[in-house]
Amino acid sequence: MLLQKASNKPIKTKKMKPPSSSFYFSSYFLRKIRISYLLLILLPFIVLIIILYSEKFNCFFSQLDPRISSQQQNSISSNIEKNKKLPFAIGETKEGCNVFNGKWVWDEKRPLYEESECPYIQPQLTCQEHGRPDKNYQHWRWQPHDCSLPSFNATLMLETLRGKRMLFVGDSLNRGQYVSMVCLVHRLIPENAKSMKTIGNFDVFTIKDYNATIEFYWAPFLLESNSDDAVKHRIEERVVRKGSINAHGKYWKGANIIVFNTYLWWMRGPHFNILQGSFDDEVKDIVEVSTEEAYGMAIKSMLRWIKRNMDSNKTRVFFTSMSPSHEKSIEWGGEPNKNCYNETKMIEDPNYWGSDSRKSIMQVIKQEFGKSKVPITFLNITQLSSYRKDAHTTIYKKQWNKLTQEQLANPFSYADCVHWCLPGLQDTWNELLFTKLFYP
């Protein structure tokens with residue numbers, strides 16, 4: 001090979017002419033053709049993907065509403081595949097029907113049972129026994145806009161529970177739903193084949209011939225707290241222990257159907273006390289966090305517990321949204337400094353949302369359920385219940401403390417605008433639970 005000798009002479013470089021405009025046009029045109037051809041090939045696949053996953057896209061966009069209102073999807077957590085047959089399901093709700101979006105209609109056939117026929121209703125909820133003069137609140141039926149709820153079938157419920165355990169976990173509002181469920185089925189059971197017992201945090205309704213139980217477990221925060229005594233729990237400074245769900249969760253194992261709720265007891269202001277260590281520690285490490293952060297911690301713990309302890313092929317889990325209260329009549333056009341006492345008509349504004357139902361908490365539920373892979377069905381009872389200012393127990397209940405003369409002179413001062421008369425609204429909650437259990 002011949003090598004050129006090095007030279008000190010500068011190397012002359014030849015300047016290249018820029019491509020002509022015709023060259024640019026030709027290149028652009030060719031690229032355009034190639035891109036169009038590629039899109040033509042990919043288009044059928046894009047269309048197919050959109051069709052297959054349109055329901056998931058719709059679910060995603062529907063969750064952008066921070067309130068999780070009645071317009072949202074029936075289940076906030078669509079982690080259960082639609083094509084998969086769920087345990088206990090015997091059919092399905094009409095496609096496109098949101099059973100939580102509807103209106104209340106008058107129904108002469110209601111109530112579904114009489115107060116006097118169900119001996120299991122606590123005296124805090126027996127409004128007729130305690131002198132409520134009207135019964136109109138018992139006659140309203142929930143009617144979804146795009147379909148109808150199946151009639152509650154007590155025989156089907158009992159047969160489904162044969163050899164099984166149904167468990168409600170939460171606060172007194174979940175206990176009310178539990179009692180409603182017992183009232184809806186107990187008439188089909190002979191007197192000598194049923195019993196109700198209270199054992200610690202448990203209320204247990206036993207159906208002997210079916211080898212079945214319907215149970216309630218008191219855990220208002222789901223996590224361990226200083227308010228866990230099922231009777232003596234009126235504590236001003238509430239404290240919840242972080243990461244402590246197994247303190248209660250060990251008693252939930254083996255349930256076939258679980259209905260969780262937690263909300264009311266968290267509502268003590270913008271901040272909440274969280275215990276880092278143990279309640280047995282001599283010096284307790286308590287930190288204050290936002291209520292939303294504390295609530296999110298409980299929801300995460302619940303979802304982790306479900307994942308570890310519930311078999312989605314054999315069991316079902318539900319979460320009931322916040323139960324609204326009606327403490328401020330000015331919010332629905334009433335007089336200042338009054339509440340639900342003496343209210344016999346419901347709120348007609350379809351967009352009504354009271355301040356006691358915190359949107360920020362609903363946002364926490366949406367975020368945590370949305371991130372989780374745990375199959376859990378969300379019972380969105382908040383909006384439909386918010387219309388029912390007429391359905392609370394108000395003063396027509398057992399009073400645990402003797403009322404003062406000042407209270408007696410002003411019923412608004414001691415009216416209970418949190419809990420609900422039975423029979424009444426909470427029977428509808430169980431009709432919705434029945435619907436999502438058997439016709440998801």
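**Exercise 1. Determine whether Cys421 is buried or exposed, and establish which residue Cys421 is bonded to.**

Solution. Step 1: Cys421 has a relative accessible area of 0% and is therefore buried; here buried means under 20% relative accessible area, exposed over 50%, and partly exposed in between, with a 1.4 Å probe and protein chains only. The model is a predicted one, in which local features need pLDDT of at least 70 and side-chain atom pairs count only at pLDDT 80 or more, while totals for chains, interfaces and linings use all residues. Residues are numbered from 1 along each chain as its sequence is written, and side-chain values use heavy atoms, with hydrogens and water left out.

Step 2: the partner of Cys421 is Cys127, in a disulfide whose sulfur atoms are 2.0 Å apart. A disulfide is a pair of cysteine sulfur atoms within 2.5 Å. Cys127 likewise has a relative accessible area of 0% and is buried.

Step 3: the link of Cys127 and Cys421 is left-handed, with -90 degrees about the S-S bond. Cys127 is placed in the loop between β1 and β2, and Cys421 in the loop between β14 (416-420) and α9 (425-438), so the pair ties together parts that are 294 residues apart in sequence. Helices (H or I, at least four residues) and strands (E, at least two) are DSSP runs, numbered from the N terminus.

**Exercise 2. State how many disulfides the structure holds, and describe the links of Cys97 and of Cys118.**

Solution. Step 1: the count of disulfides is 4. With the bonded cysteines of the protein chain numbered in sequence order, their pairing reads 1-4, 2-5, 3-8, 6-7.

Step 2: Cys97 is joined to Cys147, with an S to S distance of 1.9 Å. The disulfide is left-handed because the torsion about the S-S bond of Cys97 and Cys147 is about -60 degrees. This pair connects distant parts of the chain, 50 residues apart: Cys97 is found in the loop between α1 (21-62) and β1 (102-106), and Cys147 in the loop between β2 (140-144) and α2 (154-160). Cys97 and Cys147 are both buried.

Step 3: Cys118 is bonded to Cys183, the sulfur atoms being 2.0 Å apart. About this S-S bond the angle is -85 degrees, and the link is left-handed. The two cysteines come from distant parts of the chain, 65 residues apart, with Cys118 in the loop between β1 and β2 and Cys183 in helix α3 (residues 172-185). Cys118 is buried at a relative accessible area of 4%, and Cys183 is buried at 0% relative accessibility.

**Exercise 3. Give the strand order of the open sheet, and identify the strands at its edges.**

Solution. Step 1: the open sheet is formed by 7 strands in the order β4-β5-β6-β3-β8-β11-β12, with mixed pairing. Two strands pair if DSSP finds at least two bridges between them.

Step 2: the edges are held by β4 (194-199) and β12 (377-379); each has a single partner strand, so one side of each is left without a neighbour in the sheet. From one strand to the next, the twist averages 15 degrees.

Step 3: strands β5 (residues 202-207) and β6 run antiparallel and are joined by 6 bridges. Within this pairing, Phe205 has Ile214 of β6 as its bridge partner.

Step 4: helix α9 packs on the sheet, touching β3, β8 (257-260), β11 and β12, and its direction makes about 145 degrees with that of β11. Contact means heavy atoms within 4.5 Å; axes are lines fitted to C-alpha atoms, for helices over the stretch in contact, and angles run from 0 to 180 degrees between N-to-C directions.

**Exercise 4. Report the number of salt bridges, and examine those of Glu215, Glu343 and Arg162.**

Solution. Step 1: the structure has 16 salt bridges, each a side-chain nitrogen of Lys or Arg within 4 Å of a carboxyl oxygen of Asp or Glu.

Step 2: Glu215 pairs with Arg165, their closest N and O atoms being 3.0 Å apart. Since Glu215 belongs to strand β6 (residues 212-218) and Arg165 to strand β3 (residues 165-170), the pair ties together parts that are 50 residues apart in sequence. Glu215 is buried at a relative accessible area of 7%, as is Arg165 at 15% relative accessibility.

Step 3: Glu343 and Lys389 meet in a salt bridge with an N to O distance of 2.6 Å. Glu343 is in the loop between β11 (316-320) and α6 (359-371) and Lys389 in the loop between α7 (382-386) and β13 (392-394), so this pair ties together parts that are 46 residues apart in sequence. Lys389 is buried, at 7% relative accessibility.

Step 4: Arg162 and Glu159 form a salt bridge at 3.0 Å, N to O. Arg162 is partly exposed at 37% relative accessibility, and Glu159 is partly exposed with a relative accessible area of 40%.
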